[in-house]
Amino acid sequence: MDETEFWELVDTTREAAGGDPEDQAELLVDRLAQLDPERVLDFARHFEARYNRAYRWDLWGAAWVLLDGASDDAFDFFRCWLIGQGREVFEGALHDPDALAELLGDFDEEVDGDGEELGYAADEAYEQLTGTVAADLGIAPAPAEPSGTPVDFEDDALLAQLYPRLWERFRG
């Protein structure tokens, strides 16, 4: 599975789910379970590589503003959700986390920002296909700490300065 096919699966399932990440995860499991196990592992590698790429302090700060706080787990689930938003939003957020203010359409705090189930979709599909747990994906492990410069999440003035568009839209 190449990168284009990966993003097509993400996009078509998000659109079919109407943007609901739990419904998207269910659709993704269904779609992946129609593929051969090796292609499911390819999808998992693409997902995990992007999940690891998004482990950055500046993105965590943006999630903090967007979600009005983001614990370790909440940031993990946010990164899954961010991948689920598709290539344009994902790459745009990595390029400029504050751009999420424009990249995101409607944002429902009850549904959006948490894509925990998306992170398990490939594992569930693989298990359905093979009856076994997926083996090691053979990619570099996640970094121990986020990349970049740590952000003081408790400093509202700093967050407003670092993420002016997000701050205005979601906290202003």
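Of the residues that line the largest pocket, 11 are nonpolar, 1 is polar and 4 are charged, and I should say at once that what we are looking at is a predicted model. The space in this largest pocket comes to about 260 Å³, and its lining is made up of 16 residues, with Phe47, Glu48, Gly119, Tyr120 and Asp123 lying nearest the centre. If you follow that lining along the chain, the elements that contribute two or more residues to it are helix H3 (37-53), helix H5 (72-84) and helix H8 (121-130), and H3 provides the largest share, namely 5 residues.

Let me turn to the second largest pocket, which holds about 190 Å³ of space. Its lining consists of 15 residues, and those closest to its centre are Gly18, Gly19, Gln85, Asp106 and Asp112. Here the lining divides into 5 nonpolar, 4 polar and 6 charged residues.

Finally, a word on helix packing. Helix H1, which covers residues 3-16, packs against helix H2, residues 21-32, at an angle of about 130°, and the two axes are 8 Å apart. H1 is therefore oblique to H2, and the crossing in which H1 passes H2 is right-handed. On the H1 side the contact is made by Leu9, Val10, Thr12, Thr13, Arg14 and Ala16, while H2 brings Gln24, Leu27, Leu28, Arg31 and Leu32. Sorted by character, the residues of this contact between H1 and H2 comprise 6 nonpolar, 3 polar and 2 charged.

Key: Residues are numbered from 1 along each chain as its sequence is written. This is a predicted model: local features need pLDDT of at least 70, side-chain atom pairs count only at pLDDT 80 or more; totals for chains, interfaces and linings use all residues. Side-chain values use heavy atoms; hydrogens and water are left out. Axes are lines fitted to C-alpha atoms, for helices over the stretch in contact, and angles run from 0 to 180 degrees between N-to-C directions. Helices (H or I, at least four residues) and strands (E, at least two) are DSSP runs, numbered from the N terminus. Angles under 35 degrees count as roughly parallel, over 145 as roughly antiparallel, 65 to 115 as roughly perpendicular and the rest as oblique. A crossing is left-handed if the near helix is turned anticlockwise from the far one by less than a right angle, and right-handed if clockwise. Contact means heavy atoms within 4.5 Å. Ala, Val, Leu, Ile, Met, Phe, Trp, Tyr, Cys and Pro count as nonpolar, Asp, Glu, Lys and Arg as charged, and the others, Gly among them, as polar. On a 1 Å grid over the protein atoms alone, a cavity is a set of points where a 1.4 Å probe fits but cannot get out, and a pocket is an open set with protein on both sides within 12 Å along at least five of seven lines; lining residues have an atom within 4 Å of a point. Grid points are joined across faces, edges and corners, and a volume is the space filled by probe spheres set on the points.
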